[in-house]
Structures are given as C-alpha cells and as structure tokens.
Amino acid sequence: MEYNLSYWERRQFIDKIDVCIVGAGLVGLHTAIAIKLKHPVCRILLLERGPLPYGASTRNAGFACFGSISELLDDLKDEDETRVFTRVKKRWDGLNKLRKLTGDAAIKYETHGGFELFKPSDAEQYHTCLTGMEKINRLTGEITGLKTVYREADDRIKPFGFKGVSQLIENSAEGQLDTGRMMQVLEAKARQLGVLFLNGITVTTIHPGNNPEIETDKGIKILPAKILLTTNGFSARLMKNTGVQPARAQVLITKPIEHLKCKGTFHYDKGYYYFRNVNNRILLGGGRNMDFAGETTDTFGITTLIQSRLDSMLNEMILPDQEYTVDMRWSGIMGMGPTREPTTKELLENVYCAVGMGGMGVAIGAVVGEEAAQLVMNDL
C-alpha cells in the first residue's frame with residue numbers, strides 16, 4: 001500500500017534529512033545519539049521495518065560481557081595479543097559508555113558475576129583456562145583496573161544447584177541488564193535530542209551516489225545527504241558487499257521459580273550456550289553450533305533439534321532438582337562479519353554501514369555508534 005504523504009508529514013519527517021539510518025536497533029540508536037550530541041542541528045531520521053527493532057536488540061539475553069576466559073584464549077590462537085585485547089577494551093569501554101548514558105538503575109544493570117561452566121568431559125579445556133588465567137588476568141586488569149578478573153569458583157557449584165558441573169571460573173566484572181529497558185531508555189534519549197523515527201516501513205532499494213535515494217514499501221522516497229545501514233544480520237537484503245552473514249539464536253525462558261538458587265550470567269561450551277537469572281526465572285539460549293548451516297538464516301523460528309537440547313540442559317544440569325515450566329521461546333538474528341571485528345565503512349558513495357556485531361552488540365554498540373557517527377559526519 002502506498003502512503004500518500006500530507007504536506008505536514010513530508011515537511012516534518014521526510015524533507016531535508018542529513019542522515020537517514022536504516023535500522024533502529026542498538027547501533028542505530030547509539031549512532032543517532034552520538035551525532036545529535038555533537039551536531040544538534042542535524043536532521044536524523046531512523047527507519048525501522050518492524051513495530052520494534054526486533055533483530056537482536058530487543059531479543060538478546062542482556063549479558064553485559066566482554067569475553068569468557070575460554071573465548072579469549074581461543075581468540076589468541078588466531079590473532080595477536082594486541083588485536084584481541086584492543087577488542088576487549090572496546091567492549092569494556094562500550095559497556096561503560098552505555099551505563100553512563102543510561103544510568104544503571106534505568107536499565108536494571110546488576111553485577112552478580114559471570115561464570116563459565118565445565119563438565120568432566122571438558123577437563124582439557126579447563127586445564128588450558130587455568131594455565132592461561134594469570135596472563136588473561138594481567139591483560140584484562142590493565143583494561144578494567146581490577147587486580148583479579150577471573151578466578152576459580154568451584155565453591156559456587158553446590159549453592160547454584162548445578163548437576164554434572166565439575167568446575168566454574170568466575171568473571172567478577174561481568175554484569176547483566178534488562179534488554180527491554182535499555183532499548184526504551186535509548187529510544188527516549190534519541191527522541192529527546194530530536195531524532196525522527198518512522199516504524200513499520202521497509203526499505204526496498206538504496207541508490208548510492210552524489211544524491212542518494214531510499215525507496216520504501218510505502219511508496220515514500222527519502223533523499224538524505226547520507227545513508228547509514230545498521231541492519232546487522234539483515235544487511236545482505238539491501239547490500240551484498242557488507243560481508244555480514246545472519247546467525248539465528250534460539251532462546252527460552254521459564255516461568256518464575258520459587259527459591260531459584262543461581263544468580264548471575266553463565267557461559268558453557270565456549271559461549272555457544274548461555275543462561276542467566278531474570279529475577280526468579282531462568283533464560284537459556286544457544287545451540288547454534290549444533291546446526292551452523294541451518295542457523296545461518298535471517299528467518300525467525302525455533303527448531304526441535306536445538307530446543308530439545310536447551311530443554312535437556314535445563315532439566316539435567318541447570319535445574320535438576322527443581323520444578324519449573326517453560327514460559328516462552330523465541331529467536332533473534334545476529335550479524336557475523338568476516339572477522340571478529342564489527343564492519344564500519346563506506347560501502348558506496350554516501351552509503352555507509354555499521355554491522356557485524358558478532359553477538360556483542362550490548363557491549364560494543366556505543367563505541368561502534370560513535371565510530372559510525374564520526375565516519376558519516378566527516379564529509380557532511
């Protein structure tokens with residue numbers, strides 16, 4: 001259906017746009033805010049095809065994390081130390097920028113610690129983590145200012161009520177937040193600064209060039225000075241040269257559990273599985289490594305294969321002796337780039353992208369938003 005704009009609508013929402021951001025998720029909001037804080041008179045328009053920015057920004061687990069010890073050691077196998085810990089610093093800085101912008105209370109930020117779980121079958125991996133712990137603590141300490149970030153925490157296994165878990169490693173600097181509140185606060189901040197929003201409108205074609213143009217499914221054409229793509233896992237639908245592939249993540253959450261024992265954020269199997277308490281519920285997600293081909297998709301949905309695995313983990317390891325009921329199941333779409341770094345660049349003339357968050361959008365969204373804002377505004 002084409003939307004026949006009135007004079008008022010075109011004048012207030014469409015005309016004389018300096019930067020049009022496609023995708024009103026974490027990175028899109030952070031970029032819009034960053035531009036407005038430095039250039040208050042710029043007209044910024046955020047386009048979102050859904051009623052909510054539901055790719056991953058409103059569907060993630062709300063982990064405020066910067067890397068489990070096994071993940072960081074795994075990264076060091078392929079990359080040099082400087083590259084890995086420059087990325088860790090970006091994540092740490094991004095989390096602090098987010099907290100400063102929103103305030104901890106507003107996004108319900110809490111630090112109960114992050115824990116990596118190991119079963120007896122993971123003995124070799126656990127030994128590798130112990131061997132590398134001193135080095136990782138030194139390097140993360142230089143970033144966080146904490147003397148000891150990672151430590152052995154086997155004494156927490158029994159109080160948490162886990163079964164079949166032989167070792168735990170705690171990350172004392174890891175936190176958790178309320179994803180819904182975070183997005184509400186960021187959107188409210190953007191609106192307060194004067195950012196314009198159009199929801200329920202799908203971009204069909206982007207025309208780069210000296211006078212870039214956006215075509216939409218409502219028949220509305222937008223002629224901004226600059227276009228920024230922040231659609232992450234959906235980027236290939238509009239621009240093939242971002243190099244970003246979609247990655248679906250499946251999640252479930254229980255109904256409230258009386259006397260829930262575990263509190264914190266938890267990682268298992270190099271982060272392919274993750275769970276946390278949400279008040280007195282358990283949110284559990286992951287399993288993409290069971291079917292990489294099938295989960296490399298930008299189509300929402302859940303599968304019996306992965307959901308059955310999540311159910312087994314919940315019943316056998318996380319809540320083995322507690323009664324519970326699964327309340328909801330859903331999926332989100334992440335964006336994976338060709339490297340572990342986000343992709344922030346000019347794609348074509350006056351068309352830019354900030355995509356490929358690699359599942360770390362909460363941590364690096366603020367930093368990537370600032371980088372994207374600087375990139376777009378350089379030539380404006």
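Select Tyr268 to begin: at 8% relative accessibility it counts as buried, where buried means under 20% relative accessible area, exposed over 50%, and partly exposed in between (1.4 Å probe, protein chains only). Now add Tyr273, which is buried too, at 3% relative accessibility. You are looking at a predicted model, in which local features need pLDDT of at least 70, side-chain atom pairs count only at pLDDT 80 or more, and totals for chains, interfaces and linings use all residues. Residues are numbered from 1 along each chain as its sequence is written, and side-chain values use heavy atoms, with hydrogens and water left out.

**Stop 1: aromatic rings**

A pair of aromatic rings is described by the distance of the centres and the angle of the planes. Here, rings of Phe, Tyr and Trp (its six-membered ring) pair if their centres lie within 6.5 Å; planes under 30 degrees apart count as stacked, over 60 as edge-to-face and the rest as tilted. By this rule the count comes to 14 aromatic pairs.

Select Phe115 and Phe160 next. Their rings are edge-to-face, 5.1 Å centre to centre with 80 degrees between the planes. Phe115 sits in strand β4 (residues 114-118) and Phe160 in helix α6 (residues 157-160), so this pair links distant parts of the chain, 45 residues apart. Helices (H or I, at least four residues) and strands (E, at least two) are DSSP runs, numbered from the N terminus. Phe115 is buried at 1% relative accessibility, and Phe160 is buried at 4%. Add Phe162, Phe266 and Phe275 to see the cluster that ring pairs form with Phe115 and Phe160.

**Stop 2: helix α4**

Now select residues 81-102, which make up helix α4. What span should its 22 residues have? The expected span is 1.5 Å times one less than the number of residues. That gives 32 Å, and the end C-alpha atoms are 32 Å apart, which agrees.

Colour the buried residues of α4, among them Val84, Phe85, Trp92, Leu95 and Leu98. The buried residues cover an arc of only 170 degrees around the axis, which puts them on the same side of α4; the arc is that of the directions from the helix axis to the C-beta atoms. Turn to the face away from this buried side and you will find the exposed residues Thr82 and Lys100.

What covers the buried residues? The cover includes α2 (26-38), α3 (69-78), α5 (123-144) and α10 (361-377), with contact meaning heavy atoms within 4.5 Å.

Zoom in on the start of α4, where a side-chain oxygen of Asp80 reaches to within 3.0 Å of the backbone nitrogen of Thr82. Just after α4, Gly103 takes a positive phi of about 85 degrees.

**Stop 3: salt bridges**

A salt bridge is a side-chain nitrogen of Lys or Arg within 4 Å of a carboxyl oxygen of Asp or Glu. The count by this rule is 26 salt bridges.

Select Asp75 and Arg87, whose closest N and O atoms are 3.3 Å apart in a salt bridge. Asp75 lies in helix α3 and Arg87 in helix α4, so the pair ties together parts that are twelve residues apart in sequence. Both Asp75 and Arg87 are buried.

Next, pick Glu370 and Lys97, which meet in a salt bridge (3.4 Å, N to O). Glu370 is in helix α10 and Lys97 in helix α4, 273 residues apart. Glu370 is partly exposed at 39% relative accessibility, and Lys97 is partly exposed with a relative accessible area of 33%.

For your last selection, take Asp75, Asp78, Glu79, Arg83, Arg87, Arg340 and Glu341: salt bridges that share partners join them into one network.

Methods: Polar contact = N/O pair within 3.5 Å; in protein donor to acceptor, adjacent residues only side chain to side chain.
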